[in-house]
Amino acid sequence: MTDFIPTPTVPAPDIVRCAYMELVVTDLSKSREFYVDVLGLHVTEEDENTIYLRSLEEFIHHNLVLRKGPVAAVAVAAFRVKSTAEVDAAEAYYKELGCRTERRRDGFVKGIGDAVRVEDPLGFPYEFFFETEHVERLTQRYDLYTAGELVRLDHFNQVTPDVPRGRKYLEDLGFRVSEDIKDSDGVSYAVWMHRKQTVHDTALTGGDGPRMHHLAFATHEKHNIIQICDKMGALRISDRIERGPGRHGVSNAFYLYILDPDDHRVEIYTQDYYTGDPDNPVVTWDVHDNQRRDWWGNPVVPSWYTEASLVLDLDGNPQPVIKRTDSSEMAVTVGADGFSYTREPGEERGFKMGNQL
């Protein structure tokens, strides 16, 4: 039975949205080339060890921090809260959970003020902050606009062994579920959860963890994503395209997955839907529906299921990875017995063999 995380008696912090991620990279110049020259993120400021980047529509200091270090990993996934008082609330919430916390009134990185970082019950490094330096929102800087422009940070995706445990913890924290994947035996494979009024600010994918599966930036239209593919082809780095472009079943979004020089996974994402009503229905997908991950039924490459970034504790050490004991999504949908269906029960079903998935 799942060992659920207790619900604190103090209120959860009021989270607005996912705000930035801090990545440790091993070669800062190669990472700069990837995120700035290829993807077109905008440099807020930089020095010999750190680069602060933001997307076109952002007005806070950054959405991505690249920090040079010896081991490629995720240092933090940061969420903005509604006020400084909510930073206090986050600190009290995690202290009651018995989690390690660290508070810095001047912030952990440039451009961010009073913040608390925690090692959460799932082993992930989270940050909660409100105070931030405002910078120019580049929405009308059409002189800077590129054909594949990244306009917003959209979400994170976390890998954890026990999805129901993580789901209950994040629901306690105030996240709402938009979609999930299960099987007829009740095994939970993934869940999408949001604070802003889109499909997700973060998701939980079942697997060995804690690890970070990806971070995602949004574009305005799907043709922006196709331009990124064309650009990567022209630069002869198409081998860094891991999966896509395609249309997700879950979230309905048009997607592309690419790998940075350290194999951190980045999703480019567009055209999901509004989830802001209080009675927004949860969409549940059967793990054997071969349109759940790709609406067109295209293969999901094995690396997408098995590979992810390490995450760090507050001392900067990689967190140990715990194996998932429940069935893996790849195992139940790929292989000799891994049949998945296209059509609903009662109709003539179109099957694909597992090795085509």
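# Notebook: helix, loops, cavities

**Helix H1.** I started with helix H1, residues 28-38, and listed its buried residues: Leu28, Ser31, Phe34, Tyr35, Val36 and Val38. Right after H1 I checked glycine 40, and its phi is positive, about 80°.

**Confidence.** Note to self: this is a predicted model. I pulled the pLDDT for the protein chain and got a mean of 94, with 94% of the residues at 70 or more. The stretch I flagged is 353-357, where pLDDT is below 50. I still counted contacts for that stretch, and the model gives it 16 beyond near neighbours in sequence. Where pLDDT is low, the predicted coordinates should not be read in detail. I'm leaving that tail of the numbers alone.

**Cysteines.** I looked for disulfides and found zero in the structure. Then I asked myself: is cysteine 18 buried or exposed? Cysteine 18 has a relative accessible area of 1%, and the cut-off for buried is under 20%, so cysteine 18 is buried. Cysteine 99 comes out at 14% relative accessibility, so it counts as buried by that cut-off too.

**Cavities.** I ran the search over the whole structure and got two cavities of 30 Å³ or more. For the largest cavity I noted about 90 Å³ of space. Which residues lie nearest the centre of the largest cavity? I wrote down Trp192, His248, Tyr257, Glu267 and Arg293, out of a lining of 14 residues. Sorting that lining by class, I got five nonpolar, six polar and three charged residues. I also looked at which strands contribute: strand S9 (152-160) and strand S16 (265-270) each give at least two residues to the lining of the largest cavity.

**Cis peptides.** I went through omega next. The bond from glycine 209 to proline 210 is cis, with omega near 15°. I placed proline 210 in the loop that runs between strand S12 (202-206) and strand S13 (211-218). Glycine 244 and proline 245 are also joined by a cis peptide bond, and I read omega there as about 5°. Where does proline 245 sit? I find proline 245 in strand S14, residues 241-247.

**Leucine 122.** Proline 210 came up again when I listed the contacts of leucine 122. Leaving out residues up to four places away in sequence, leucine 122 touches Ile5, Thr160, Arg165, Gly166, Tyr169, Leu204 and Pro210. I located leucine 122 in the loop between strand S7 (115-119) and strand S8 (125-129). Its relative accessible area is 8%, which is under 20%, so I logged leucine 122 as buried. I also took a C-alpha distance from leucine 122 to valine 76: the two are 46 residues apart along the chain and 13 Å apart in space.

**Positive phi.** I filtered for positive phi in residues other than glycine and noted serine 251, with phi near 80°. Serine 251 is in the loop between S14 and strand S15 (254-259). Its relative accessible area is 1%, so serine 251 goes down as buried. Aspartate 263 is not a glycine either, yet its phi is positive at about 70°. I placed aspartate 263 in the loop between S15 and S16. Is aspartate 263 buried or partly exposed? I got 45% relative accessible area, and partly exposed lies between 20% and 50%, so aspartate 263 is partly exposed.

**Asparagine 252.** I stayed in the loop between S14 and S15, because asparagine 252 has its place there too. At 39% relative accessibility, I have asparagine 252 as partly exposed. What does asparagine 252 touch, apart from residues up to four places away in sequence? My list reads Arg247, Gln271 and Tyr273. For a long-range check I paired asparagine 252 with isoleucine 51; they are 201 residues apart in sequence, and their C-alpha atoms are 33 Å apart.

**Glutamate 48.** Last lookup: glutamate 48, in the loop between strand S2 (42-46) and strand S3 (50-54). With 63% relative accessible area, over the 50% cut-off, glutamate 48 is exposed. I took one distance here as well: from glutamate 48 to isoleucine 258 I get 26 Å, C-alpha to C-alpha, across 210 residues of sequence.

Methods:
Residues are numbered from 1 along each chain as its sequence is written. This is a predicted model: local features need pLDDT of at least 70, side-chain atom pairs count only at pLDDT 80 or more; totals for chains, interfaces and linings use all residues. Side-chain values use heavy atoms; hydrogens and water are left out. A disulfide is a pair of cysteine sulfur atoms within 2.5 Å. Buried means under 20% relative accessible area, exposed over 50%, partly exposed in between (1.4 Å probe, protein chains only). On a 1 Å grid over the protein atoms alone, a cavity is a set of points where a 1.4 Å probe fits but cannot get out, and a pocket is an open set with protein on both sides within 12 Å along at least five of seven lines; lining residues have an atom within 4 Å of a point. Grid points are joined across faces, edges and corners, and a volume is the space filled by probe spheres set on the points. Helices (H or I, at least four residues) and strands (E, at least two) are DSSP runs, numbered from the N terminus. Ala, Val, Leu, Ile, Met, Phe, Trp, Tyr, Cys and Pro count as nonpolar, Asp, Glu, Lys and Arg as charged, and the others, Gly among them, as polar. pLDDT is the predictor's confidence in each residue, from 0 to 100. Contact means heavy atoms within 4.5 Å.
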